[in-house]
Amino acid sequence: MIKIVIVGAGKLGVRVAAALQDGDYAVTIIDKEDSVLQKLSSQLDVLTVNADAKNISVLKNIDISRCNYLLAVTDNDETNIIIASFAKKLGCRRVIARVREPEHMNQLGFIKETMGIDSIVNPDLAITREIYKYLAEKYTLSNGIFTSGKISLIEFSVKRYPKLAGLAIHSVKDVLPNMLIAAISRNGKVIIPHGDDQIRSTDSLYVVGEKEQIIALNKKVHVRGKYTNLQKVMIIGGGKTGFYLAEMLSEFGAAVKLIESNKERCHYLSTHLNNVMVLHNNGTDLSLLEEENLDEMDAFVTCTGYDEENLLLALTAKQHGVEDVISKVSHENYKNLIERMGVDMVLNPLDITASNILRFVQGDKTIISSLLLQGQAEIMEIVAHSHMKMLNVPLSKLNLPEGVLIAAIHRGQQVIIPNGDTEIKWNDRVIILCLLSEIGDIEKLLKNK
């Protein structure tokens, strides 16, 4: 049993704990707020400790020297760095700290080395990288293909292969034999399709298959040199995500307008960002957006601290004809609403960060490679070990949740596109696609007998 200590019972700490509880982990959560822990105890099967983890006696009392991981994810950077460092010095095998302030980002290497921290996660930077990747490259995969062993994944617009439009998923095998549509990007949302789902002409598809077949398909659908002509970007919200994104896009060469309602924050942004126009105003002021030439923007990104505001502004930008509209949304409740709005990309920083932490905890023994798809789903390759519960069971009997798909199996020299009767065997290399909102289900799947 792998022992994990999580310091901080906020959204991220609880999200990670919930994802881990179905795996082979013993989870302890430490927090100073007793009422929060009491509520948590009724929801999750975890041990809770009401204490301040900066006190080394607290860490010693939970026998930190025998723990495999400590995750310091309180809302204070310095607290996280100190607790992670103390835990490491007291013998915890690996430690992770959440650090968000831009000032710390410039000296991460020094912090990690000096304080003995194994990994640092930054939700704002993680979401920014996904937005930048989408805007700067116009597709998620750097050259159109993700390859792992003999299996490859390609992403392309249905408009590049029109004969797929209108087909039900179960009919695709007639057009793309021995290949599988693993995911669809539709109106800003990544979905895992099922047999009767129909492909729309406006969809983008993620197709998995044997490497040579995917390379051949790539020649038909890939636009050579398809890099973005990104010139003008408007960002609403000058928090950490807005700051990181403005900095990256400015360095990329785009003309960036950053709108922030807090005057003091505007002063900070204008003194710390080069070649970025910082405007002190309310981003919900439509007349201001029109004055600042919203219609001429190539991209529009909403990353204020309010989900409702982000979605409303994103919808406004879409109605003004902006080609790429991206929104930061932290609440799961808006999932179904997003698809109907037609926004190009909606990202949840919590999902992305929790996924990064889980990949670190699982290590390269279980998951040998992984890739995020539009910041909403993850495709990963695992090696099937003899002790896994999912071995020698028909896929139809694994009761896979809707957000998880076994996309392909590499067995010896053979590439298998699975169906309901397919069984995973020992030492298979298995390609799994999972929505980030369902990452806890991966732990159930990889669980030991």
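In the predicted model, the N-terminal end of helix H4 is capped by Asn-76, a side-chain oxygen of which lies 3.0 Å from the backbone nitrogen of Glu-78. Helix H4 itself comprises 13 residues, spanning positions 77–89. The distance from its first C-alpha to its last is 18 Å, close to the 18 Å expected at 1.5 Å a residue. Just after H4, a positive phi of about 110° is found at Gly-91.

The buried positions of H4 are Asp-77, Thr-79, Asn-80, Ile-81, Ile-83, Ala-84, Ser-85 and Ala-87. In an α-helix there are 3.6 residues a turn, so residues three or four places apart point the same way. The packing partners of the buried residues of H4 include both strands and helices. The strands are E1, E4 (69–72) and E5 (94–98), while the helices are H3 (56–61), H5 (102–105) and H6 (108–115).

Strands E1, E4 and E5, against which the buried residues of H4 pack, belong to an open sheet of 6 strands. The order across this sheet is E3-E2-E1-E4-E5-E6, with parallel pairing. Strand E3 (47–50) and strand E6 (119–121) occupy the edges; each has a single partner strand, and therefore one side of each is left without a neighbour in the sheet. On average, neighbouring strands of this sheet are turned by 20° against each other, direction ignored. Within the sheet, the parallel pairing of E1 (residues 2–7) with E2 (residues 25–31) extends over 6 bridges. Lys-3 is placed opposite Ala-26 of E2.

A further set of pairings involves strand E20 (residues 404–411), E21 and E22, and here the strands run antiparallel. Of the 8 residues of E20, 7 are buried, so this strand is largely enclosed by the rest of the structure. E20 pairs with strand E22 (residues 429–435) over 6 bridges, and Ile-406 stands opposite Ile-432 in E22. With strand E21 (residues 414–416), E20 shares 3 bridges; in this case Ile-409 faces Ile-416 of E21. E20 and E21 form a hairpin with 2 residues between the strands, in which Gly-412 adopts a positive phi near 60°.

Methods
Residues are numbered from 1 along each chain as its sequence is written. This is a predicted model: local features need pLDDT of at least 70, side-chain atom pairs count only at pLDDT 80 or more; totals for chains, interfaces and linings use all residues. Side-chain values use heavy atoms; hydrogens and water are left out. Two strands pair if DSSP finds at least two bridges between them. Helices (H or I, at least four residues) and strands (E, at least two) are DSSP runs, numbered from the N terminus. Axes are lines fitted to C-alpha atoms, for helices over the stretch in contact, and angles run from 0 to 180 degrees between N-to-C directions. Buried means under 20% relative accessible area, exposed over 50%, partly exposed in between (1.4 Å probe, protein chains only). The expected span of a helix is 1.5 Å times one less than its number of residues. Contact means heavy atoms within 4.5 Å. A polar contact is a pair of N or O atoms within 3.5 Å; within protein, one must be able to donate a hydrogen and the other to accept it, and residues adjacent in sequence count only if both atoms are side-chain atoms.
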